Amino acid sequence: MEKIRKCLTFFCSDKKDVTVNEILMKGHYGNSIRRIVYTIDGQNAKASAEMVFRSLARDDRIRLLGSAELRLEGSKLFLRFSKFKAYYGKIVLTDESECIHMVMRFGGYVKGRSSRDLVSEVMRNSGVETE
């Protein structure tokens with residue numbers, strides 16, 4: 001479990017405004033599953049999101065923009081990152097099932113805006129070049 005916690009804390013720019021919940025569940029075949037949920041609020045959430053976007057490789061940023069419609073639902077952006085890479089200090093998008101799931105919620109008006117434009121704007125506001 002320490003390895004998993006290390007991966008998750010890597011995404012937190014600061015430990016304040018972070019709530020950690022551990023949920024014990026049973027899998028389909030009766031196996032134990034431990035779900036760890038980190039909730040980051042306030043300025044720390046903004047700083048953590050900016051750090052994530054700045055840490056993405058150019059190819060991952062292009063892939064994120066290209067798949068924005070699939071990843072955005074309302075004001076929530078759904079991302080998946082490699083657990084293995086995060087353990088070694090890299091933030092890499094993945095489509096694998098064994099991953100770190102991240103949901104970013106955006107405030108403000110999002111209805112009627114294209115997913116690509118919204119994600120692009122958020123990335124630019126984080127200081128990331130999108131084109």
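Select Val 20 to begin, which is partly exposed with a relative accessible area of 41%; here buried means under 20% relative accessible area, exposed means over 50%, and partly exposed lies in between, with a 1.4 Å probe and protein chains only. Val 20 sits in strand β1, residues 18-26, where strands (E, at least two residues) and helices (H or I, at least four residues) are DSSP runs numbered from the N terminus. Add Leu 64 to the selection and draw a distance between the C-alpha atoms: the two residues are 44 apart along the chain and their C-alpha atoms are separated by 27 Å.

Before going further, note that this is a predicted model, in which local features need pLDDT of at least 70 and side-chain atom pairs count only at pLDDT 80 or more, while totals for chains, interfaces and linings use all residues. Residues are numbered from 1 along each chain as its sequence is written, and side-chain values use heavy atoms, with hydrogens and water left out.

**Stop two: a nonpolar patch**

Select Ile 23, Met 25 and Ile 33 together, and you will have a nonpolar surface patch of about 210 Å². Such patches are made of residues with over 30% relative accessible area and no salt bridge, with nonpolar side chains (Val, Leu, Ile, Met, Phe, Trp, Tyr) joined within 5 Å and like charges within 9 Å, and the accessible areas come from the Shrake-Rupley method with a 1.4 Å probe, only the protein chains shown counting as cover for residues. Ile 33 belongs to strand β2 and is partly exposed, its relative accessible area being 34%.

**Stop three: the largest pocket**

Stay with β2, since this strand gives the most to the lining of the largest pocket, with nine residues. The space in this pocket comes to about 1,500 Å³. Of the 44 residues that line it, the closest to its centre are Tyr 38, His 101, Met 102, Val 103 and Met 104, which make a useful selection for finding the place. A pocket is here an open set of points on a 1 Å grid over the protein atoms alone, where a 1.4 Å probe fits, with protein on both sides within 12 Å along at least five of seven lines, and lining residues have an atom within 4 Å of a point. Grid points are joined across faces, edges and corners, and the volume is the space filled by probe spheres set on the points.

Now colour the elements that each supply at least two residues of this lining, namely α1 (2-9), β2 (32-40), α2 (42-55), β5 (99-105) and α6 (115-125). By class, the lining has 25 nonpolar, nine polar and 10 charged residues, where Ala, Val, Leu, Ile, Met, Phe, Trp, Tyr, Cys and Pro count as nonpolar, Asp, Glu, Lys and Arg as charged, and the others, Gly among them, as polar.

**Stop four: salt bridges**

Side chains of opposite charge can pair when their charged atoms come close. With a salt bridge taken as a side-chain nitrogen of Lys or Arg within 4 Å of a carboxyl oxygen of Asp or Glu, the count comes to seven salt bridges.

In helix α2, select Glu 50 and Lys 46, which lie four residues apart, about one turn of the helix, and whose side chains meet in a salt bridge at 3.2 Å, N to O. Glu 50 is buried at 18% relative accessible area, whereas Lys 46 is partly exposed at 49%.

Next, select Asp 95, which is exposed, with a relative accessible area of 56%. Which residue does Asp 95 meet at 3.6 Å, N to O? The partner in that salt bridge is Arg 71. Asp 95 lies in the loop between α5 and β5 and Arg 71 in helix α4 (residues 68-71), so the pair ties together parts that are 24 residues apart in sequence. Arg 71 is buried, with a relative accessible area of 9%.

Asp 95 also forms a salt bridge with Arg 63, the closest N and O atoms being 3.7 Å apart. This pair links distant parts of the chain, since Arg 63 lies in helix α3 (residues 58-66), 32 residues from Asp 95. Add Asp 60 to Arg 63, Arg 71 and Asp 95, and the selection shows a network of linked salt bridges.

**Last stop: the segment after α6**

Finish at Gly 127, in the segment after α6, which is exposed at 62% relative accessibility. The C-alpha atoms of Gly 127 and Phe 53 are separated by 8.4 Å, although the residues are 74 apart along the chain.
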